[in-house]
Amino acid sequence: SCLVYSIGSRNDFTFEAHLHAMLPRCEIHTFDPTIGAAPSNTPPFIHFHAWGLLATAAPEARSPAIEPGKGSRRLHYTLREMVAQLGHSHREIDVLKVDCDGCEHEALRAWAMEGVPLVRQLLVEVHFGSHPREAMHADIRSANRLMWLLRTLGFVVFSKEPNVLMSSAYGAAAEYSLLRLATDPGPDHVGAARWADCTADG
């Protein structure tokens, strides 16, 4: 069966429901640390995890925190750690959806430079700042590096559109759909990704 990871839901499982309707045999895992450990409207075909996505496995970064007003504990993992926790280290992720309000910049760059796990299709909302205008320019540069990294790993963009609901004077977001055409980018893909990360601004 196919494997789907959906990171970030805001208690809205429309994406997962549409995917399940088209591909009922897919194993779907949804991750969100902000809506409690067992959201009441989670469809029965979803494996829900109250986990957040991290860029680094440093102990201080993944320490659990108390969720304000609820007392529940959040757990944060890198993508590589999520895969290991769920016993999926030897499986491919057919669809990875990431909508985590800005965490995608560092978390996906870290995953790209690790080179694991293998993802065939990536759906990501890239955020370009929701703070002062100077921060927005920094986010644009960061997004540029991220897209270079994904290209280095064999991904191509087949769809993109602005998220008009996110647009404002100081921020914006765009939704990208990418397909990995090169499933084996070569033995030195990690080195190539690091090179792309260093040179993307140039």
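**Figure 1. The whole chain, with its buried share and its secondary structure.** Buried residues account for 45% of the 202 residues in the chain, as computed from a model that is predicted. The chain contains six helices and ten strands. When contacts between residues at least 6 apart in sequence are considered, 67% of them join residues that are at least 24 apart. The chain exposes about 10,600 Å², and carbon and sulfur atoms supply 56% of that area.

**Figure 2. An aromatic cluster that includes Tyr5 and Phe31.** Searching the whole structure gives four aromatic pairs. In the pair made by Tyr5 and Phe31, the ring centres lie 5.1 Å apart and the planes meet at 55°, so this pair is described as tilted; the cut-offs behind that word are under 30 degrees for stacked and over 60 for edge-to-face, with the rest counted as tilted. The pair links distant parts of the chain, since Tyr5 belongs to strand β1 (residues 3-7) and Phe31 to strand β2 (residues 27-31), with their positions 26 residues apart in the numbering. Both Tyr5 and Phe31 are buried, and together with Trp51 and Tyr77 these two residues form one aromatic cluster.

**Figure 3. Two places where a charged side chain lies over an aromatic ring.** In one of these views, Lys97 lies over the face of Phe15, at 5.4 Å from the centre of the ring. In the other, the ring of Trp148 has the charged end of Arg151 over it, 5.6 Å from the ring centre.

**Figure 4. Arg10 and Asn11, two loop residues with positive phi.** Most residues other than glycine have a negative phi. Arg10 has a phi near 55°, a positive value in a residue that is not glycine, and Asn11 likewise has a positive phi, near 65°. Arg10 is found in the loop between β1 and α1 (14-22), and the loop between β1 and α1 is also the place of Asn11. Because its relative accessibility is 47%, Arg10 counts as partly exposed; Asn11, at 32% relative accessibility, counts as partly exposed too.

**Figure 5. Helix α4, most of which is covered.** Which residues of α4 are buried? Helix α4 spans residues 104-114, and eight of its eleven residues are buried. The buried residues are Glu104, His105, Ala107, Leu108, Arg109, Trp111, Ala112 and Met113, a list in which the charged residue names Glu104 and Arg109 appear beside Ala107 and Leu108.

**Figure 6. Ser177 in strand β10 and the residues that it touches.** Is Ser177 buried or exposed? Ser177 has its place in strand β10, and because its relative accessibility is 16%, Ser177 counts as buried, the cut-off for that word being under 20%. Leaving out residues up to four places away in sequence, Ser177 touches Leu122, Leu123, Val156, Val157, Phe158 and Ser159.

**Figure 7. A nonpolar patch on the surface.** Val156, Phe158, Leu179 and Leu181 make a nonpolar surface patch of about 360 Å². Two of these patch residues, Val156 and Phe158, also appear among the residues that Ser177 touches. Leu181 lies in the loop between β10 (173-180) and α6 (189-199), and because its relative accessibility is 60%, Leu181 counts as exposed.

How values were computed: Residues are numbered from 1 along each chain as its sequence is written. This is a predicted model: local features need pLDDT of at least 70, side-chain atom pairs count only at pLDDT 80 or more; totals for chains, interfaces and linings use all residues. Side-chain values use heavy atoms; hydrogens and water are left out. Rings of Phe, Tyr and Trp (its six-membered ring) pair if their centres lie within 6.5 Å; planes under 30 degrees apart count as stacked, over 60 as edge-to-face and the rest as tilted. Helices (H or I, at least four residues) and strands (E, at least two) are DSSP runs, numbered from the N terminus. Buried means under 20% relative accessible area, exposed over 50%, partly exposed in between (1.4 Å probe, protein chains only). A charge sits over a ring if NZ of Lys or CZ of Arg is within 6 Å of the ring centre and within 35 degrees of the ring normal. Contact means heavy atoms within 4.5 Å. Accessible areas come from the Shrake-Rupley method with a 1.4 Å probe; for residues, only the protein chains shown count as cover. Patches are made of residues with over 30% relative accessible area and no salt bridge: like charges are joined within 9 Å, nonpolar side chains (Val, Leu, Ile, Met, Phe, Trp, Tyr) within 5 Å. A salt bridge is a side-chain nitrogen of Lys or Arg within 4 Å of a carboxyl oxygen of Asp or Glu.
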